Amino acid sequence: MKKHSIPLLAALLAPWAVAENSVSFQATQYQEADDRIGVKMAEVAIEKDFGTDYTLKLDFGYDAISGATPMWVAKPGHANEWVEGKAHVADEVRNSQSASLVIRDETRNEYTLGIARSVEPDFSSYELSGQAQLWHDELHNRSYTIGLGLMQNTSVATAYTNNAQDEDSKVINFQVGINQVLDASSTLEASLYTGKDSGYLSNHYLKIVRSDLLNQHTLTSELRPDQRSSGGLALRWVKNWNATFTSNAWYRFYSDDWGISGHTAEIKVYADLNEAWRTHLGLRAYTQTAADFYRGYRDTQNTFAATGLGSNDARLGNFNAQTYQLGVQYRASHDWSFNASASLYKQSNGFEATTLTTGLTYSY
């Protein structure tokens, strides 16, 4: 292999790779079917090089959330009886900011330091992260990565939430990986990751129905364990088939001690139609098992014992899902490019959601 052949990682997407110095704006609308949750998002990202050894990235986000979510509701004409329904959530806005600094040494190893903040009326999150990318040798055909992330979350008590006081949780994530140039047109990436969550891990909106020995029903807050250990692996293969066609294949396995295990497989293909237009298609398939303490709203047994863990949150259930994506990018000039994409997400339990994104980037 030729010396410094690793730049093909950027060349696989050339000439569409965004310049290091850039300002971009992205607007996204996410909408769940059946008049459920809708989110309007706006993000501004700034990337700036300081010489060849430092790159600073800043992101500023704003989200507006509204709609309804699945919830037990009172059964008309019955006391202490509930049926599956929907409850409107309070309209909320979320503000987020993040910054990362990439530092390169003389051998072009990269060290990235990151900080992030996200705040909304009922939840706040603060994160610190660090990652190192180390080259195997001067040929730069193989690199190793190691990363660590620390997150502090607070579930803020409001008139709409289950918790009467603010509750905290912590998340620690650790990952190691290797990236190998296979030949002049393809690379393979593999990584192992593990995580530890602790503290208040329940959904502070959702409730469950409990039954006592006399089969009397009580509506109470859901209850999840206060610890979760997780881990898995991920693989990515990027292949440049010719001057205009590139594929990006990805697989991820996840498992935790709540009983959930999941498999994700994704393929994206990019095609340069001409010097100005590029399009991409994406397909993602996902499947997972249910948490040990999960019961669905429509399950034969959908209530819980008077004490113990319990949740009806469908995100903890057993389901399959597919995501279909189509996107285009138009490079109007050396400085300006525009993008748009649409995706459809479908679960085997009937849940559907669409996402529409459009944006522009100014490179300088």
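Gly61 touches Ala42, Glu43, Arg94, Asn95 and Ser96, leaving out residues up to four places away in sequence. This glycine belongs to strand 3, which covers residues 54-66. Because its relative accessible area is 15%, Gly61 counts as buried. Its C-alpha atom lies 6.3 Å from that of Gln97, although the two residues are 36 positions apart in sequence. These values, like those that follow, come from a predicted model.

The chain as a whole gives the setting for this residue. It contains 21 strands and 1 helix. The C-alpha trace spans about 75 × 40 × 35 Å along its principal axes. Of the 364 residues in the chain, 37% are buried. Among contacts with a separation of 6 or more, 55% are between residues 24 or more positions apart. The exposed area of the chain is about 19900 Å², and 58% of it is supplied by carbon and sulfur atoms. Charged side chains number 30 positive and 41 negative, and the centres of these two sets are 3 Å apart.

Strand 2, residues 38-50, holds Lys40. With a relative accessible area of 54%, Lys40 is exposed. Its contacts outside the four nearest places in sequence are with Thr28, Gln29, Tyr62, Asp63 and Ala64. Tyr30 is 10 residues away from Lys40 along the chain, and the C-alpha atoms of the two are separated by 6.4 Å.

Further along, Arg104 is placed in strand 6. Is Arg104 buried or exposed? Arg104 is buried, because its relative accessible area is 15%, and the cut-off for that class is under 20%. The side chain of Arg104 makes a polar contact of 3.2 Å with the side chain of Glu110. Glu110 also appears among the residues in contact with Arg104 beyond four places in sequence, together with Thr52, Asp53, Tyr54, Thr55 and Asn109.

The loop that follows runs between strand 6 (92-104) and strand 7 (110-120), and Arg108 is found there. Although Arg108 is not a glycine, its phi is positive, at about 70 degrees. Arg108 has a relative accessible area of 28% and is therefore partly exposed. A second case is Asn215, another residue other than glycine, with a positive phi near 65 degrees. Asn215 sits in the loop between strand 12 (207-211) and strand 13 (217-221). At a relative accessible area of 51%, Asn215 is exposed.

Ser143 lies in strand 9, which comprises residues 142-155. Its relative accessibility is 2%, so Ser143 counts as buried. Which residues does Ser143 contact, leaving aside neighbours within four places in sequence? They are Gln133, Leu134, Trp135, His136, Gly177, Ile178 and Asn179. Glu106 is 37 residues from Ser143 in sequence, and their C-alpha atoms are 15 Å apart in space.

The next topic is the nonpolar interior. The largest nonpolar core has 9 residues, namely Tyr193, Leu201, Tyr254, Trp258, Ile260, Ala291, Phe293, Tyr294 and Leu316. One of its members, Ile260, shows how part of this region is arranged around a single residue. Apart from neighbours within four places in sequence, Ile260 is in contact with Tyr254, Ser255, Gln288, Thr289, Ala290, Ala291 and Leu316. Tyr254, Ala291 and Leu316 are listed among the core residues as well.

His280 is located in strand 17, residues 277-288. What relative accessibility does His280 have? The value is 17%, and His280 therefore counts as buried. A polar contact of 3.4 Å links the side chain of His280 to that of Gln325. Gln325 is also one of the residues in contact with His280 when neighbours within four places in sequence are left aside; the others are Val269, Tyr270, Leu326 and Gly327.

Methods:
Residues are numbered from 1 along each chain as its sequence is written. This is a predicted model: local features need pLDDT of at least 70, side-chain atom pairs count only at pLDDT 80 or more; totals for chains, interfaces and linings use all residues. Side-chain values use heavy atoms; hydrogens and water are left out. Helices (H or I, at least four residues) and strands (E, at least two) are DSSP runs, numbered from the N terminus. Buried means under 20% relative accessible area, exposed over 50%, partly exposed in between (1.4 Å probe, protein chains only). Contact means heavy atoms within 4.5 Å. Accessible areas come from the Shrake-Rupley method with a 1.4 Å probe; for residues, only the protein chains shown count as cover. Lys and Arg count as positive and Asp and Glu as negative; His and the chain ends are not counted. The place of a charge is taken as NZ of Lys, CZ of Arg, CG of Asp or CD of Glu. A polar contact is a pair of N or O atoms within 3.5 Å; within protein, one must be able to donate a hydrogen and the other to accept it, and residues adjacent in sequence count only if both atoms are side-chain atoms. A nonpolar core is a set of buried Ala, Val, Leu, Ile, Met, Phe, Trp, Tyr and Cys residues joined through side-chain atoms within 4.5 Å.
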